[in-house]
Amino acid sequence: MAAALFTQLSHLTAVPGLHFDEAWQGLYAWRIASEAGFWPMSAMNGYTAPTLHYLLAGVFQVFDPSLAALRGTFAALNFAALGIWVYILRARSGDRAATWFAALWALLPLFVHQHRFYIEVTGFFALCFSLSALGAHLWRKYPRAAPALI
């Protein structure tokens with residue numbers, strides 16, 4: 001987990017360089033945070049929602065709007081997803097599987113740098129997918145606690 005934290009946060013604002021989409025997303029979030037009455041229902045494309053832009057707008061209101069705040073927010077979401085997967089894997093497969101998964105996650109460039117680019121498409125995906133898997137895991141572990149579907 002320490003290696004994953006290191007790879008998520010080291011050289012946060014330098015590697016990779018600023019990407020156009022990333023800059024657009026930061027400016028869009030800043031508009032949400034700073035312009036009265038600006039409540040968009042779509043993001044850069046018609047198929048993307050501004051969910052993360054609203055989250056980032058809140059972060060920009062607490063911290064200064066910056067590339068570090070933008071990338072740090074999504075690194076935190078990515079790290080939270082990793083923590084959920086490690087919990088699930090430890091519960092279902094043991095420490096060895098969880099350790100290997102965390103090591104691969106920490107070193108796989110997709111998870112290290114992907115969250116720094118395609119924020120509105122994949123920035124939230126890993127967290128939502130891990131929360132869905134956690135729900136399925138808990139449902140299976142505690143079937144009586146799950147509400148009746150009928």
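Here are some notes on helix 1, the aromatic pairs and the nonpolar cores of this predicted model.

1. Let's start at the N terminus. Helix 1 covers residues 2-9, and its buried residues are Ala-4, Thr-7 and Gln-8. These three span an arc of only 100° around the axis, which puts them on the same side of helix 1. As a reminder, an α-helix has 3.6 residues a turn, so residues three or four places apart point the same way. On the face turned away from that buried side you'll find the exposed residues Ala-2 and Phe-6. Just after helix 1, have a look at His-11, which takes a positive phi of about 55°.

2. Now the rings. How many aromatic pairs does the count come to? Six. One of them is Trp-39 with Tyr-54, a stacked pair with 5.8 Å centre to centre and 10° between the planes. This pair links distant parts of the chain: Trp-39 sits in the loop between helix 2 (20-34) and helix 3 (51-62), while Tyr-54 belongs to helix 3, 15 residues apart. As for solvent, Trp-39 counts as exposed because its relative accessibility is 61%, above the 50% cut-off. Tyr-54 is partly exposed, with a relative accessible area of 25%.

3. A second pair to check is Trp-85 with Phe-101. Their ring centres are 6.3 Å apart and the planes meet at 50°, so this pair is tilted. Trp-85 lies in helix 4 (residues 67-93) and Phe-101 in helix 5 (residues 95-107), so the pair ties together parts 16 residues apart in sequence. Are these two rings' residues buried or exposed? Trp-85 counts as buried, at 17% relative accessibility, and Phe-101 as partly exposed, at 27%. Both also belong to one aromatic cluster, together with Trp-105 and Phe-129.

4. There is also a charge over a ring. Arg-31 lies over the face of Phe-38, at 3.9 Å from the ring centre. Phe-38 turns up again in point 6 as a core residue.

5. On to the interior. The largest nonpolar core has 25 residues, and those with the most contacts inside it are Leu-56, Phe-60, Phe-74, Leu-82, Ile-88 and Trp-105. Helix 3, helix 4, helix 5 and helix 8 (125-141) each supply at least two residues of this core. Which helix gives the most? That would be helix 4, with eleven residues.

6. Leu-56 is a good residue to click on. Not counting residues up to four places away in sequence, Leu-56 touches Gln-25, Gly-26, Ala-29, Ala-69, Leu-70, Thr-73 and Phe-74. Apart from the largest core lies another one, of five residues, among them Tyr-28, Ile-32, Phe-38 and Ala-57.

7. Last, Leu-82, which has its place in helix 4. Leu-82 counts as buried because its relative accessibility is 0%, under the 20% cut-off. What does Leu-82 contact, leaving aside neighbours within four places in sequence? The list is Met-1, Ala-4, Phe-101, Ala-102 and Trp-105. Some of those names are familiar: Ala-4 is one of the buried residues of helix 1, and Phe-101 and Trp-105 are in the aromatic cluster with Trp-85. For Met-1, the C-alpha atoms of the two residues are separated by 8.5 Å, although Leu-82 and Met-1 are 81 residues apart along the chain.

Conventions. Residues numbered from 1 in each chain as written. Predicted model: local features only at pLDDT ≥ 70, side-chain atom pairs only at ≥ 80, totals over all residues. Heavy atoms only, no water. Buried < 20%, exposed > 50% of the residue type's maximum accessible area, 1.4 Å probe, protein only. Helix = DSSP H or I, 4+ residues; strand = E, 2+ residues; numbered from the N terminus. Arc of directions from axis to C-beta. Phe/Tyr/Trp six-rings, centres within 6.5 Å; stacked < 30°, edge-to-face > 60°. Lys NZ or Arg CZ within 6 Å of the ring centre and 35° of its normal. Core = buried A, V, L, I, M, F, W, Y, C linked by side-chain atoms within 4.5 Å. Contact = heavy atoms within 4.5 Å.
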